[in-house]
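Me: Could you take me through one part of this protein up close, a place where two helices meet? I'm still new to this, so please go step by step.

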Amino acid sequence: EQGMPFKTAAKFTLGVAASTSAADSKAATAEADGLVAMYSDIAACVVADGKIIAALNDAIQPKIDVTVAGVPTAQEFKGTKRELKSGYGMEGKVDNNGDGVMKEWFEQSKAFSEYAVGKTAADIKGMQTTEANGHQITVDQALLDAGCSIQITGICAVVAQAAENAR
């Protein structure tokens, strides 16, 4: 299941947010083709009484090749990381915190979404991280024990923003 079921008798609101970075993009020049590489984090949060009662996050990584003349030639987009599930290809390859647990991205995303329940936007924004293998991962042992050792800063930012946007 990809959804995040919840039940509440309280009045709730829904917020969504997205954040995009094109840091890996390369401008086309007279000598070389370019690449538009966008990395986007997206999230939705249900909030009641200032706390997250359900959250989902996802990410996309579309790429567009561009010729020296600035003409798009090829586009690569296979789906969101949650849609790709095991097809994303991360399981068994990335062990950022060295505990031997190497789950696929969608499983780590789900662990983060479950972890966010009961927290405020400020709690998520204030999550402490540490550098591991060139990535900023959580220092929260409960989240690490749940198998979430992926790069966390983008997810934190977009989940916190979605919770703040819930009005």
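Reply: Let's start with a term we will need: a crossing of two helices is called right-handed if the near helix is turned clockwise from the far one by less than a right angle, and left-handed if anticlockwise. Keep in mind that you are looking at a predicted model.

Now find helix α2, residues 105-116, and helix α5, residues 153-165. These two helices pack with their axes 12 Å apart, at an angle of about 45°. That angle makes α2 oblique to α5. As for the handedness, α2 and α5 cross in the right-handed sense.

Which residues touch? From α2 come Trp 105, Phe 112 and Ala 116, and from α5 come Ile 155, Cys 156 and Val 159. Sorted by character, the residues of this contact are 6 nonpolar, no polar and no charged.

Let's stay with Phe 112, one of the contact residues on α2. Its relative accessibility is 0%, and because buried means under 20%, Phe 112 counts as buried.

Phe 112 also has an aromatic partner, Tyr 115. Both residues sit in helix α2, 3 residues apart, which is about one turn of the helix. Their ring centres are 6.2 Å apart and the ring planes meet at 40°, so this pair is described as tilted. Tyr 115 is buried as well, with a relative accessible area of 15%.

So, to put the picture together: α2 lies oblique to α5, the contact includes Phe 112, and the ring of Phe 112 pairs with that of Tyr 115.

Note on methods: Residues are numbered from 1 along each chain as its sequence is written. This is a predicted model: local features need pLDDT of at least 70, side-chain atom pairs count only at pLDDT 80 or more; totals for chains, interfaces and linings use all residues. Side-chain values use heavy atoms; hydrogens and water are left out. Axes are lines fitted to C-alpha atoms, for helices over the stretch in contact, and angles run from 0 to 180 degrees between N-to-C directions. Helices (H or I, at least four residues) and strands (E, at least two) are DSSP runs, numbered from the N terminus. Angles under 35 degrees count as roughly parallel, over 145 as roughly antiparallel, 65 to 115 as roughly perpendicular and the rest as oblique. Contact means heavy atoms within 4.5 Å. Ala, Val, Leu, Ile, Met, Phe, Trp, Tyr, Cys and Pro count as nonpolar, Asp, Glu, Lys and Arg as charged, and the others, Gly among them, as polar. Rings of Phe, Tyr and Trp (its six-membered ring) pair if their centres lie within 6.5 Å; planes under 30 degrees apart count as stacked, over 60 as edge-to-face and the rest as tilted. Buried means under 20% relative accessible area, exposed over 50%, partly exposed in between (1.4 Å probe, protein chains only).
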